[in-house]
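Trainee: Could you walk me through this chain, one question at a time? I would like to see how each answer is reached.

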Amino acid sequence: MKTMSPFALTLLVFTALFPAFAHGQSDTIYLNGKIYTVNEAQPWAEAVAIKDGKFVAVGSNADVKKHNTDTTKVIDLGGKFVMPGMIDVHTHVLATSVDKANLFIEDPNSKEAMLEQIKTFAEANPELPYIRGLQWNLGVFENNSPRKEWLDAIVPDRPVYIYSQTGHEAWVNSKALELAKLEGRKQDNLYIWDVDEKTGEPSGTIKEYTMSLLEQALEPTVPGKLAPELAKLVETFSAAGFTSFKEAGAEVWTVTAANILDRKGELNARVFPAWFHLGHIGAMTREESKAVAADWKKYKTPMVYPRYIKMYADGSPSSHSSLLFEDYADRQGFKGSISFPYDLYVEDFCYFNKLGLGMLVHAFGDGSGGKMIEAFEEMRRLNGDNGIPLHYSHSVMTSKKQLERLSKISDISVDFLTLQYQHPAVTANFQPAIGEERYQQWLNAKHAAEIGIPYGFGGDWPSAILPVPNGFYEMQAFVTRKNPYDPGLPSLNVEQALTLEQAVYGYTLGGAHNLGFDWPEKLGSIKEGKLADLIVLDRDIFEIPIDELHLTQVEHTVVNGRIVFDRDEKEAQLEIVDVEITNKELDNAVDAADLNLLVEDELDRVSRGCLGESVSHDIHPGAPTTPEAITLAFGTLSEKGYRYARPAREIYWENTDSNYWIQWTIKDDVDILFAYDPDGQKVVEVLRVREKPATNN
Ligand SMILES: [Zn+2]
């Protein structure tokens, strides 16, 4: 039986209160709200009426009540703040469902522990044609170069490949190496692998595009296996108030998984897949992705619109794999390069544009970005202004001049990667490579707003700072250009701080413009005729101090007029399984009360979506997990409800004051938090939470 939420009660009461009017009909009416519409012509409203998944009236209570009939559900917002559902234009949700459906290594901290887990998984899944796994941490193996023989010893008969935490290298066995067919191939800046010093043979670590050679030779994970994992990941986004996302790199089987969910009516967000073209972990060859794109309509279902292509201009300045205008700060005379020859970009942009597919291009370095701008311009000259959208993604080092040049290209939009503030891991990754001056000039979001180029935001989840998405945290950081959890850190390019309205635009109407085609007429604002996507928040984001914005919680998420997330209802489904201290030795090391405080404090901060300066976790690319590592984390969570904003992968963090580590593990669908002492001994079991088992009634 479904729990009756207070929300549902309000609904009953009001159905009785308002009799039918002869005006337009509606399915649902929301009254008494503070509705920020993101519609310039009517920025604020009190009420909306929804019919057949669209807004049919937006205005005062009196206006909207005219749409009430006997069958209309009337929902009293009680003065709550409402805004359009949010759009993230660069994520990897579909891709993460593949990770979740395969081996996840719970303890990646030693070679022995990892081998044990791989062996156990392989034995438990004899039917699998190969073992695909996540993830080994950088720093565990000498030179980050694990060996094939170690895997051969436990799984000799099937290919095994285990991605590293960055996804830019994989540990493989001999069977997998056979499939990658490296004999006779020469290494270059894309196809890279480690070799045995004595034999010259591949030694078991393959990098970048070499991984795609292997993936192309393997059967994909069955979409039916991915669908339930995808549903859970989408729920994380619903809980954070996202109603649409663009998948930056999709494959046939992941899109098919979304189609499967959609056909069952269980896909609770709009998905805009961009097909992987020449991706370093993509399984499609250049010709295959061209063929799939030509066939994109086959994969279109009501909530899935796979009309985009994702290409890489470059890697990242942090790994010196981007083209820069000026030399790298830490390598004199070296400027890097783009991933493929310039002419290939022009040729393939033209090909996909002619087919009517939008283009999403990952461009990190300013030099790489410059080449992509040229290629976009050349493509428009060759193909004409045909209305097919172009999406210049990340824009981290994109200069003001480049933004101006981009703004002159038709149907263009940019997204800003949510690295808009100083964070120890980000700074450590980028600042040495590009130097402080260029670092202080990145993410020129304000300039984009001023010159009127449409812009959205892309969290790049899960390879992001926050392991769970939190749009309010990101908006706060775009407004302050400071780390919301550590305001003591210096600001980053604060001259480019946005207003809150401009930040909201990036996640709403700006996102819709980024989707291009006719989506700006259908999404991104609360307006008559648009699709009824909205979110109800626990606070008025324009009334609170800006440094509290990241604490905002989403109470309800509505897609197509349907409630897809109700926080009260979700939290009522959770139970705390166990909260106990299991290791009394703790008393010797630290006062138990102190640790409890630490734990409570951490949980409390987790519940408000933060962990401050004292955080380390293992999913940020390049973030080491040593005790010295200080990186940051965490999205909208609450002690009871965090399960609905759980991270994609296991995480660790540490408190630098006490040197205690806390680990969040998800095992058998129970969320378990542990604390470790500085020697790595488990000292406290903090919390175990799971969804209540279903009862028959
Ligand atoms: Zn990405």
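What follows is a short conversation about the chain, from its overall make-up down to single residues.

Mentor: Happy to! This is a predicted model, in which local features need pLDDT of at least 70 and side-chain atom pairs count only at pLDDT 80 or more, while totals for chains, interfaces and linings use all residues. Residues are numbered from 1 along each chain as its sequence is written.

Trainee: How many helices and strands does the secondary structure of the chain come to?

Mentor: Helices (H or I, at least four residues) and strands (E, at least two) are DSSP runs, numbered from the N terminus. On that basis the chain has 21 helices and 29 strands.

Trainee: And what percentage of the residues count as buried?

Mentor: A residue is buried if 20 or more other C-beta atoms lie within 10 Å of its own, exposed if 12 or fewer, and partly exposed in between, with C-beta atoms placed from the backbone. Applied to the 697 residues of the chain, this gives a buried share of 53%.

Trainee: Which strands stand at the edges of the eight-stranded sheet?

Mentor: Two strands pair if DSSP finds at least two bridges between them. The open sheet of eight strands has the order β8-β15-β16-β17-β18-β19-β20-β21, with parallel pairing. The end strands have a single partner each, so one side of each is left without a neighbour in the sheet; they are β8 (86-91) and β21 (455-458).

Trainee: Inside that sheet, which residue stands opposite Tyr-308?

Mentor: Strands β17 (residues 308-312) and β18 (residues 358-363) pair in the parallel sense over five bridges. In β18, the residue opposite Tyr-308 is Gly-358.

Trainee: Which strands of the sheet does α12 touch?

Mentor: Axes here are lines fitted to C-alpha atoms, for helices over the stretch in contact, and angles run from 0 to 180 degrees between N-to-C directions. Two residues are in contact if their C-beta atoms, placed from the backbone, lie within 7 Å. The direction of α12 makes about 160° with that of β18, and the strands that α12 touches as it packs on the sheet are β18 and β19 (390-394).

Trainee: Is Gly-369 buried or exposed?

Mentor: Gly-369 sits in helix α12 (residues 366-383). Beyond its neighbours within four places in sequence, Gly-369 has contacts with Ala-313, Ala-363, Met-397, Thr-398 and Gln-402. Because 31 C-beta neighbours lie inside 10 Å, Gly-369 counts as buried.

Trainee: How do α12 and α13 lie relative to each other?

Mentor: Gly-369, Gly-370 and Ile-373 in α12 meet Gln-402, Arg-405 and Leu-406 in α13. The axes of α12 and helix α13 (residues 400-407) are 10 Å apart, at an angle of about 15°. Angles under 35 degrees count as roughly parallel, over 145 as roughly antiparallel, 65 to 115 as roughly perpendicular and the rest as oblique. The two helices are therefore roughly parallel.

Trainee: Why does the span of α8 agree with what a helix should give?

Mentor: The expected span of a helix is 1.5 Å times one less than its number of residues. For the 17 residues of α8 (residues 223-239) that should be 24 Å, and the end C-alpha atoms are indeed apart by 24 Å.

Trainee: Which elements do the buried residues of α8 pack against?

Mentor: The buried residues of α8 include Leu-226, Leu-230 and Phe-237. The partners of the buried residues are α3 (93-101), β15 (242-250), α9 (252-263), β23 (554-559) and β24 (562-566).

Trainee: Which residue in β23 stands opposite Leu-537?

Mentor: An open sheet of six strands, with mixed pairing, runs in the order β3-β2-β7-β22-β23-β24. Within it, β22 (residues 534-537) is joined to β23 by four bridges, and the two run antiparallel. The residue opposite Leu-537 is Val-554.

Trainee: Two loop residues to finish. How many C-beta neighbours does Ser-26 have inside 10 Å?

Mentor: Ser-26 is in the loop between α1 (6-17) and β1 (28-31). Setting aside neighbours within four places in sequence, its contacts include Ala-49, Val-56 and His-67. Ser-26 counts as buried, and its number of C-beta neighbours inside 10 Å is 25.

Trainee: How does Leu-128 count, with 15 C-beta neighbours inside 10 Å?

Mentor: Leu-128 is in the loop between α4 (111-124) and β10 (131-136). Its C-alpha atom is separated by 9.8 Å from that of Asn-102, 26 residues apart along the chain. With its 15 neighbours, Leu-128 counts as partly exposed.
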